[in-house]
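Colleague: Could you take a close look at one part for me, the surroundings of the ligand, and describe what lines that site and which contacts are made there?

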Amino acid sequence: MLYEPCYWNIMHLESSLLLTMNDQSILLRQLPKIDLAVNDLPLEVVFDIPPAIVKSAVRGTIESFRQRILSGVITSLPQGQEEWNTIFTAAIHKKNSPNLQKVLNGTGVVIHTNLGRSLLGSETMQALLTAGTHYTNLEFDLDTGKRGSRYSLVEEIICDLTGAEAALVVNNNAAAVLLALNSLAFGKETIVSRGQLVEIGGSFRIPDIMTRSGATLVEVGATNRTHLFDYERAITEDTALLLKVHTSNFRVIGFTSEVSALDMVTLGRAHGLPVMEDLGSGSLIDLSPWGLPKEPTVQEIVNAGVDVVTFSGDKLLGGPQAGLIVGRTEMITRIKKNPMNRALRIDKFTLASLESVLRFYYDLEKAREKVPTLALLTLSPELIKKKGQKILRRLGGARKVKDRIQLLPTVSKVGGGAMPEHGLPSWSLVLQPGSGGASELERFFRTLPVPLIGRIEEEKMVLDLRTILDDDLSLFVESMNSYLQREPS
Ligand SMILES: *Cc1c(COP(=O)(O)O)cnc(C)c1O
């Protein structure tokens with residue numbers, strides 16, 4: 001169809017391109033033929049690379065040139081075989097390298113949803129390794145020799161830590177909310193405050209999840225204020241659940257009012273209705289001693305009598321992606337029996353890493369040491385500054401270092417979930433962009449062999465050292481050296 005002359009004319013006229021149809025067809029005819037191009041590649045380029053990858057990369061490259069000719073983005077082609085081979089080689093190497101790769105997080109955002117949220121410590125990785133490379137008692141009860149339940153491996157630990165009667169773990173918190181609503185309120189009404197009908201990043205919207213769960217949403221109150229009587233008035237014989245949602249990445253400030261979990265529980269009890277809370281982050285530790293906001297812990301919510309609480313495994317908890325559902329036995333049993341549960345179940349890797357992380361929480365000091373998310377969140381500014389001084393020492397004291405890299409106090413963010421915008425005092429390396437400006441420098445770091453992701457502030461590149469791991473200091477120093485070498489100051 002692309003070769004149909006009349007189509008070309010229309011495209012050509014509409015985008016008022018300078019190329020004539022004739023120029024385009026000449027360029028298209030000059031594109032290399034896939035098989036010939038593959039044969040012409042130097043042996044050292046294709047050595048040890050699966051032919052399927054080579055061919056696909058070459059085909060993709062030629063196709064992308066074809067598209068760019070047709071859309072008028074390019075008006076000339078690489079000259080000669082050598083130039084083409086350089087382009088093919090880059091494409092082949094890119095295709096032959098893993099898509100998921102390590103990056104250095106210089107954003108200072110500890111729970112960075114786009115950069116993989118929580119990290120796992122080395123002991124936790126050991127548990128994963130065992131689960132992956134050996135047979136395990138995943139669903140085998142070693143006491144009875146009979147079939148066991150995978151959930152029993154972590155349920156007791158979760159109950160110990162949260163004070164809940166029962167617990168269940170599914171794929172992520174979005175799944176936890178969906179499953180709980182479907183189990184407890186299918187075909188019935190669920191009452192939610194208008195101020196809590198939020199969208200969490202990645203298209204998780206409470207109203208949409210509610211619809212998909214088969215529960216009917218009954219909105220009460222106003223965006224900024226909802227009172228207990230709003231919930232009370234909305235209760236009918238079709239009501240199945242009172243739902244409270246942590247607004248996470250959204251804040252209503254000023255003239256506001258929200259009903260406490262405790263008051264909702266009192267109301268629920270009076271009408272024989274269960275109360276559910278989607279906590280989002282769900283911290284097991286009060287982090288306020290380390291300068292973080294006082295958020296209710298999961299234990300506190302369970303203690304308030306909330307019947308079902310859901311939260312993420314990879315936000316403040318610092319574990320693998322998972323959705324934890326804790327609460328009263330009667331409710332959790334109903335959720336466990338839901339056939340949908342099987343579709344949302346966690347795999348052995350999640351179980352292995354989650355158990356490992358949860359066990360650290362029996363001892364608070366241990367948790368802070370072994371759970372990287374907690375360690376990074378509670379890292380003192382003094383230690384971050386020391387990290388910066390160490391990096392600067394390793395770069396040497398040359399003039400060009402001092403002129404182009406400064407160690408300055410900045411603010412890092414918690415990220416994902418309950419306190420995304422909360423600022424933590426930190427230290428950053430602040431880099432002068434060269435003639436290309438800050439966005440060009442950002443691109444430079446982003447396209448390094450190990451990409452370094454930072455943030456731009458006031459036309460300078462800011463690399464927050466809170467989230468640069470000690471293990472990665474050498475790599476980080478290397479990136480700084482590449483930066484220093486790239487433009488003479
Ligand atoms: C993050 C969040 C979710 C989604 O959790 P995932 O684990 O990312 O699926 C749901 N509700 C709230 C309140 C959240 O903060």
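Modeller: In this predicted model, a polar side-chain atom of Lys-315 lies 2.8 Å from an oxygen atom of the ligand. The protein covers 94% of the 380 Å² of accessible area that the ligand has on its own, and the space that the ligand takes is the second largest pocket. Two elements, α9 (173-185) and β8 (275-280), each give two or more residues to the shell around the ligand.

Besides the contact from Lys-315, an oxygen atom of the ligand is found 2.5 Å from a polar side-chain atom of Ser-312, whereas at Ala-174 a polar backbone atom is what lies 2.9 Å from a ligand oxygen. These three residues belong to a shell that also includes Arg-117, Asn-172, Asn-173, Ile-200, Phe-204, His-246, Ser-248, Asp-278 and Gly-280. Sorted by class, that shell consists of six polar, three charged and three nonpolar residues.

A residue that can be described alongside the site is Asn-105, which is found in strand β1 (residues 104-105). Asn-105 counts as buried because its relative accessible area is 13%, with the cut-off for buried set at under 20%. Its side chain is joined to that of Thr-107 by a polar contact of 2.5 Å, and a polar atom of the Asn-105 side chain also lies 3.1 Å from the backbone oxygen of Val-109.

Note on methods. Residues are numbered from 1 along each chain as its sequence is written. This is a predicted model: local features need pLDDT of at least 70, side-chain atom pairs count only at pLDDT 80 or more; totals for chains, interfaces and linings use all residues. Side-chain values use heavy atoms; hydrogens and water are left out. A residue is near a molecule or strand if one of its heavy atoms lies within 4 Å of it. A polar contact is a pair of N or O atoms within 3.5 Å; within protein, one must be able to donate a hydrogen and the other to accept it, and residues adjacent in sequence count only if both atoms are side-chain atoms. Accessible areas come from the Shrake-Rupley method with a 1.4 Å probe; for residues, only the protein chains shown count as cover. On a 1 Å grid over the protein atoms alone, a cavity is a set of points where a 1.4 Å probe fits but cannot get out, and a pocket is an open set with protein on both sides within 12 Å along at least five of seven lines; lining residues have an atom within 4 Å of a point. A molecule sits in a cavity or pocket if more than half of its atoms lie within 2 Å of its grid points. Helices (H or I, at least four residues) and strands (E, at least two) are DSSP runs, numbered from the N terminus. Ala, Val, Leu, Ile, Met, Phe, Trp, Tyr, Cys and Pro count as nonpolar, Asp, Glu, Lys and Arg as charged, and the others, Gly among them, as polar. Buried means under 20% relative accessible area, exposed over 50%, partly exposed in between (1.4 Å probe, protein chains only).
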